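Here are a few short exercises to work through with the model open beside you. Try each task before reading its solution.

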Amino acid sequence: MPLSVLYDNDRCLVARILPDGIRKRARLFSGFLSHYVIRDRYGRPGRGNDKGSVEGLVGWARRNFMVPLPRFASWDDFNAWLEEQCRKRQADILRGHSETIGQRLQRDLQAMAELPPAPFEACEQASGQVSSQSLVRYQTNDYSVPVAYGHRDAWVRGYVDQVVIGCGGQIIARHPRCYGREDIVFDPVHYLPLIEQKIGALDQAAPLAEWDLPEEFQTLRRLMEARMIKAGRREYVQVLRLLESFGMEDLHVAVKNALRMGAVGFDAIKHLVLCQVEKRPPKLDLNVYPYLPRATVSKTSTASYLCLVSRDAA
């Protein structure tokens, strides 16, 4: 970490400037400086030359990295791409220098302080209460939590890209951050325990309305309902509840294997997903046990049952 950083006079960093010129830092920014032990310095208002190199570098990065405007699926992908572009530039030699950017960087790193063991939690912290609909409000938007935490106190951490919700010392929900207003962000898995009890709401529940599941899940549901009707629908929800402990990718593979093997049932799919995670062969397939004797059962002729109704039957 650098020993000091020159900042612009930004309101998100400084709450206000006192009459004597002393800056009153924002609470989150003050915690950031204390965590990394950085001395903050500020440019003079109207003096662009105080930070000219910074603004010049920002302009260069905008012209070279942001034109045309790139698009990424997540902030992590965007940051990884920016890091890659910066690493490619380390071999360049700027005008007026004899060393590459990478060589100059190594010399600067030797003068910097080491990072602390844990990173700074760059987030806004708030508190709230879980509603009867299993929702927690953060900045005009509602985020779902598991139904087991209804009417309990919760804490919220708002990051740039996500919202983390906890109860006590436990994290109970993570959501992509929504920057709209009066929106509801659902995680369908949070409501599956309630839907399992009220199975008639499976097709009408709002949290599941826009849940885009793979096609194999719909095939599994049709087979289960055709075999056991209402009980099959409840067993299908039990399969979905495996997402509380396993990832969608592993469960998807287990469902496909179950359909291929004709093992359409919750217990079979749970066994298959465990085998998928633990990287071991399933025990549902007898082909992996060649030492077991094979039995061939022929079809019984209807004529064989006549002896049961004949007078000669003992």
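**Exercise 1. Work out how much of the chain is buried.**
Keep in mind that this is a predicted model. Buried here means under 20% relative accessible area. With that cut-off, 28% of the 314 residues of the chain count as buried. Now look at the outside: the accessible surface comes to about 21700 Å², and carbon and sulfur atoms account for 53% of that surface.

**Exercise 2. List the secondary structure, then decide whether the chain is spread out or a compact globule.**
Start with the elements: the chain has nine helices and 11 strands. Next, compare two radii. The globule rule gives 20 Å for 314 residues, but the radius of gyration of the chain is 31 Å, well over that value, so the chain is more spread out than a compact globule. Finally, take the spans of the C-alpha trace along its principal axes, about 115 × 50 × 40 Å.

**Exercise 3. Trace the open sheet that contains β7.**
First, write down the strand order, β6-β7-β11. The pairing in this sheet of three strands is mixed. Second, find the edges: β6 (135-138) and β11 (184-185) each pair on one side only. Third, take β7, residues 141-144, which pairs with β11 in the parallel sense over two bridges. To place one partner, go to D142: its bridge partner in β11 is I184.

**Exercise 4. Compare the charged side chains.**
Count each set: there are 43 positive and 37 negative side chains. Then locate the centres of the two sets, which lie 2 Å apart.

Note on methods:
Residues are numbered from 1 along each chain as its sequence is written. This is a predicted model: local features need pLDDT of at least 70, side-chain atom pairs count only at pLDDT 80 or more; totals for chains, interfaces and linings use all residues. Side-chain values use heavy atoms; hydrogens and water are left out. Helices (H or I, at least four residues) and strands (E, at least two) are DSSP runs, numbered from the N terminus. The radius of gyration is taken over C-alpha atoms; the globule rule is 2.2 Å times the number of residues to the power 0.38. Buried means under 20% relative accessible area, exposed over 50%, partly exposed in between (1.4 Å probe, protein chains only). Accessible areas come from the Shrake-Rupley method with a 1.4 Å probe; for residues, only the protein chains shown count as cover. Lys and Arg count as positive and Asp and Glu as negative; His and the chain ends are not counted. The place of a charge is taken as NZ of Lys, CZ of Arg, CG of Asp or CD of Glu. Two strands pair if DSSP finds at least two bridges between them.
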